[in-house]
Amino acid sequence: MTDAGNDTHSVLLPTDKELVLKVIPMPADCNANGDIFGGWVMAQVDLAGSVVPARYVDGRMATVAVNQFVFKQPVKVGDILSFFSSVSRIGTTSITVQVEVYAERFRAQGRYIKVTEASLTYVAIDDFGKPRKIARPAAPATPASE
């Protein structure tokens, strides 16, 4: 992980993923080092990751796997976090998504750095918690494509 002072290299936001969540971490979300607790970031990624699959599942679903999770930069109190997601695979009962998280530092708004990326798998479940088939509809319209 690089030092927070070195994150002056701004990146462009992805155009092939959908913005699904924006949130600002607060002091209560800090770990003992004063950075935002990784578990808090993971919870937000799980929420963001579930947005797009919910359009395909049409009902209950559960997170079944965190396939990959990479913390690239620390997250600070007051950062404006933007979570982008896209579907990478649709199976019979499961959907895998990619989530990328970008931070705008409080004092450097308008400049983004990638802080986290993850791959998660969700499974469609019935009322008894058992896997069920996904109908596989055509890709739903996103705000960007409407």
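This is a tour of a predicted model, going from the whole chain to single residues.

**The whole chain**

Start with the chain coloured by secondary structure. The chain holds one helix and five strands. Read from the N terminus, the order of these elements is β-α-β-β-β-β. Of the 146 residues in the chain, 40% are buried. Switch on a surface, and the accessible area comes to about 8,100 Å², with 54% of that belonging to carbon and sulfur atoms. Among contacts between residues at least 6 apart in sequence, 72% join residues at least 24 apart.

**Strand pairing around E5**

Select residues 113-124, which are strand E5. Buried residues account for 11 of the 12 in E5, a strand that is mostly covered. Now add strand E4, residues 94-104. E4 and E5 are paired in the antiparallel sense, over 10 bridges. To see one position of the pairing, pick Tyr102, which stands opposite Lys114 in E5.

Next add strand E2, residues 61-71. E2 also pairs with E5, again in the antiparallel sense, over nine bridges. Here select Met61, whose bridge partner in E5 is Ala124. While the strands are on screen, follow the side chains along one of them: in a regular strand they alternate between the two faces of the sheet.

**The nonpolar core**

Hide the surface and show side chains. Nonpolar side chains tend to be buried together in soluble globular proteins. The largest nonpolar core here has 25 residues, and the members that touch the most others are Val45, Leu81, Phe83, Val99, Val101, Val115 and Leu120. Two or more residues of this core come from each of H1, strand E3 (80-90), E4 and E5. Which element gives the largest share? Helix H1 does, with seven residues.

Centre the view on Phe83. Leaving out neighbours within four places in sequence, the contacts of Phe83 include Leu19, Val20, Leu21 and Val23, as well as Val45 and Ala48. Val99, Glu100 and Val101 are also in contact with Phe83, and so are Glu18 and Gln44.

From Phe83, move to Gln44 in helix H1. Is Gln44 buried or exposed? Gln44 is buried, at 13% relative accessible area. Apart from residues up to four places away in sequence, Gln44 touches Leu21, Val23 and Phe83.

**Salt bridges**

Show the charged side chains. The model has eight salt bridges. Select Glu100 and Lys17, a pair whose closest N and O atoms are 3.6 Å apart. Glu100 lies in strand E4 and Lys17 in the segment before strand E1 (18-23), so this salt bridge ties together parts that are 83 residues apart in sequence. Glu100 and Lys17 are both buried.

Then select Glu18 and Arg55, which form a salt bridge with the closest N and O atoms 2.8 Å apart. Glu18 belongs to strand E1 and Arg55 to helix H1 (residues 38-57), so the pair ties together parts that are 37 residues apart in sequence. Glu18 is buried, with a relative accessible area of 14%, whereas Arg55 is partly exposed at 31%.

Go on to Lys114 and Glu117, whose side chains meet in a salt bridge of 2.9 Å, N to O. Glu117 is partly exposed, with 21% relative accessible area. Keep this pair selected and add Asp16, Lys17 and Glu100: Asp16, Lys17, Glu100, Lys114 and Glu117 are linked in a network of salt bridges.

Within that network, click on Asp16, found in the segment before E1. Asp16 is exposed, with a relative accessible area of 58%. For a distance to check in the viewer, take the C-alpha atoms of Asp16 and Phe84: they are separated by 9.0 Å, while the two residues are 68 apart along the chain.

**A nonpolar patch on the surface**

Turn the surface back on for the last stop. Select Met42, Val66 and Phe71, which make a nonpolar surface patch of about 240 Å². Phe71 is in strand E2. Phe71 counts as partly exposed, with a relative accessibility of 35%.

Terms used:
Residues numbered from 1 in each chain as written. Predicted model: local features only at pLDDT ≥ 70, side-chain atom pairs only at ≥ 80, totals over all residues. Heavy atoms only, no water. Salt bridge = Lys/Arg side-chain N within 4 Å of Asp/Glu carboxyl O. Helix = DSSP H or I, 4+ residues; strand = E, 2+ residues; numbered from the N terminus. Buried < 20%, exposed > 50% of the residue type's maximum accessible area, 1.4 Å probe, protein only. Core = buried A, V, L, I, M, F, W, Y, C linked by side-chain atoms within 4.5 Å. Contact = heavy atoms within 4.5 Å. Patch = residues over 30% accessible without salt bridge, like charges linked within 9 Å, V, L, I, M, F, W, Y side chains within 5 Å. Areas by Shrake-Rupley, 256 points an atom, 1.4 Å probe, with all protein chains shown as cover. Pairing = 2+ DSSP bridges.
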